[in-house]
Number of protein chains: 2
Amino acid sequence: MYYLGVDLGGMSIKAGVVNDKGEILYSDKVPTGRERHYTHIFKDMADLCNKVVSGAGLDISCIESIGIGSPGIPDKKAGILISSNNLGFTNVPVRDEMQKYFNLPIYLENDANAAALAESVAGASRDVEHSVLITLGTGIGGGIIIGNKIFSGFNGAGSELGHTCIVHNGLKCSCGRRGCFEKYASASALIYQTKKAAARHPESLINTMTGGNPDKIDARTAFDAQKAGDAAGDAVVRKYIEYLADGVMNIINTLFPEVIVIGGGVGNEGENLFVPLRKELKKRLYTEDVEETKIRGAEMGNKAGIVGAAMLGRNI
Amino acid sequence: MYYLGVDLGGMSIKAGVVNDKGEILYSDKVPTGRERHYTHIFKDMADLCNKVVSGAGLDISCIESIGIGSPGIPDKKAGILISSNNLGFTNVPVRDEMQKYFNLPIYLENDANAAALAESVAGASRDVEHSVLITLGTGIGGGIIIGNKIFSGFNGAGSELGHTCIVHNGLKCSCGRRGCFEKYASASALIYQTKKAAARHPESLINTMTGGNPDKIDARTAFDAQKAGDAAGDAVVRKYIEYLADGVMNIINTLFPEVIVIGGGVGNEGENLFVPLRKELKKRLYTEDVEETKIRGAEMGNKAGIVGAAMLGRNI
């Protein structure tokens, strides 16, 4: 059994043929050209799908379904993308468009949820039934897997794990709320915190390492400074991990998933991040009488979009 | 089909015969006598179960299963109550004890989760598949219903909705964390906030209404003062609802349940609480493009324990 997975992003459309173990047989990509009318975008997507099926040495009759992951909020039942800032879409009939070209089931999902499914099928949480993925990037995205399926609430709009409040009346978030998890624990938040520390501590290695140019500070800088023994870098990382632990523990005390998978830019720090994070989580445990949630790094990388979208047809 | 439900509390054991609509046919109770060895407690529970079956005019052969809800952390697969401070239990073999008396399936569940199931079967969330109950009492308890079943995580220890952090580095909670939802939005928290306001504002109606005795302040006092036009009472209620909205919105942005049912002492305020709470939630919405979670008052009252426990055998 083979499944087509499409990762529809603001810059490129990626598509791949995936087997039922979540392995990509063949994939390719084209530019999105999001300034165009959506009918043109979906025409290119259909061509790309046919191309990767041929590339995999298969016929379209071997394909079970097409899954499409994209940023934004889908109406999964209707197959409509209700809104997507990244793509500039409002109420785009994704399923209808693709069914002009293919007589196959078409599934639509938010890309973060699709990535969580990819980790659950073939990545860091493949051995468990219940898991959560959080990605620490520009914002904090994520997806919830319950019983090996995406759980996204009654309206399909979930989950918005980056927009849980961890600081009452805290920093204003782009969503309009104050104190959101992602304002304190995303890669962007870490960069903001590192820049503030650099300004306060002119002697810090943060400044040496970036030639005193704050624009060169990225999500690795504080970790690198910490490793080199810098006090300001160490303080930034410690405080960042406290915030991260608050948000991660909120997920644990709500859902008790067996595994929380951490991805995104900051997730690439791996055990540098996870070892102190696990220590902070220990301090926040509600009880020691039960088995603990495991923290693991994401494994699917940039395959997550295609694999997760493809597996929508398998794990529906 | 009939089910036995047992609500095992620190003070009393309540048992009832429940039909498959979640209606109690007959119920009764006995004191728990928790200072005794658990074998004596379960002997009394078994006698009570037989008594209510007779009271309902039935024979034990008509009963499908026995469900037991209790405070604490159950190992549901093993049928063991791992720990319960309220009952002073550690690793008590509930299923084995009850199977000395009954050749029936025995289910065990945390009482807050059982109450959530009761609302889902016969109460405020009976029309939806996905719902969450939170009870605003001494602490904040709650349960998550996904697909008409209790979801309590991979280890059965969930959910601990009162122990999600809404105030980074906030007030210290009994669980060891800081800034837990229940330290700000439980009935106890509201009483604490009301007492502080009474001390700061000697002129407040809060003091008039309680004869200046802080010990007479309860979870209704600030609401009553607000209704009578008192500025300090109004400020307490408004701030309390801000905290409550933060924690409720965290549940929404994580799970997007169709309904959140609010019970417990403060929940009894009903629309006095829910109308301003819905307004605060509106301010915190991630998007207006999707259908919103509904806020409703709990309906099952003190029947929740028996009905929820009984329905464990139906909605397993």
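Two strands count as paired if DSSP finds at least two bridges between them. Keep that in mind for this tour of a predicted model, which scores ipTM 0.94 and pTM 0.95. Chain A has a mean pLDDT of 96, with 100% of its residues at 70 or more.

**Stop 1: strands E10 and E11 of chain B**

Select B:Ile146 and B:Lys149 to begin. B:Lys149, in E11(B), is the bridge partner of B:Ile146. Now widen the selection to residues 149-150, which form strand E11 of chain B; two bridges join E10(B) to E11(B), and the two strands run antiparallel. Between them the hairpin has two residues, and B:Gly147 takes a positive phi near 60° there.

**Stop 2: the other side of E10(B)**

Next, pick residues 131-136, strand E9 of chain B. This strand is antiparallel to E10(B) and linked to it by six bridges. For one such pairing, show B:Leu136 with its partner B:Ile140 in E10(B). The hairpin from E9(B) to E10(B) passes through three residues.

Stay on E10(B) and turn on the side chains. In a regular strand, side chains alternate between the two faces of the sheet. Here B:Ile140, B:Gly142, B:Ile144 and B:Ile146 point one way, while B:Gly141, B:Gly143 and B:Ile145 point the other way. Are these residues buried or exposed? All are buried, and the strand is mostly covered, with seven of its seven residues buried.

**Stop 3: B:Gly143**

Centre on B:Gly143, within strand E10 (residues 140-146) of chain B. Why does B:Gly143 count as buried? Because 29 C-beta neighbours lie inside 10 Å, and 20 or more are enough for that label. Beyond four places in sequence, its contacts include B:Ala112, B:Asn113, B:Leu133, B:Ile150 and B:Ser159. Try a distance label to B:Val261 as well: the C-alpha atoms are 9.9 Å apart, although 118 residues separate the two in sequence.

**Stop 4: the five-stranded sheet of chain B**

Now colour the open sheet with the order E3-E2-E1-E4-E8, whose pairing is mixed. Strands E3 (24-31) and E8 (106-110) are at the edges; each has a single partner strand, so one side of each lacks a neighbour in the sheet. From one strand to the next, the twist averages 20°.

Inside the sheet, E1 (residues 2-8) and E2 (residues 12-19) run antiparallel and share seven bridges. B:Tyr3, for example, has B:Val18 of E2(B) as its bridge partner. Add helix H11 (residues 304-311), which packs on the sheet, touches E1, E2, E3, E4 and E8, and makes about 130° with the direction of E1(B). Then show helix H3 (residues 111-122), lying across E1, E4 and E8 at about 100° to E8(B).

**Stop 5: B:Ser204**

Move to the loop between helix H5 (187-200) and helix H6 (205-209) of chain B, where B:Ser204 sits. B:Ser204 counts as buried because it has 23 C-beta neighbours inside 10 Å. Its contacts, leaving aside neighbours within four places in sequence, include B:Ala197, B:Ala225 and B:Asp230. B:Ala231 is 27 residues away along the chain, with 7.4 Å between the C-alpha atoms.

**Stop 6: where the chains meet**

Finally, show both chains. Which parts of chain B supply at least two residues each to the side that touches chain A? They include strand E6 (80-84) and helix H8 (231-255), and H8(B) gives the largest share, seven residues. The contact takes 41 residues from chain B and 41 residues from chain A. Coloured by class, the chain B side has 19 nonpolar, 14 polar and eight charged residues.

Definitions and conventions
Residues numbered from 1 in each chain as written. Chains lettered and ligands numbered in written order. Predicted model: local features only at pLDDT ≥ 70, side-chain atom pairs only at ≥ 80, totals over all residues. Contact = placed C-beta atoms within 7 Å. Helix = DSSP H or I, 4+ residues; strand = E, 2+ residues; numbered from the N terminus. Nonpolar A, V, L, I, M, F, W, Y, C, P; charged D, E, K, R; others polar. Buried ≥ 20, exposed ≤ 12 C-beta atoms within 10 Å, placed from the backbone. pLDDT = per-residue confidence, 0-100. Axes fitted to C-alpha atoms, helices over the stretch in contact; angles between N-to-C directions.
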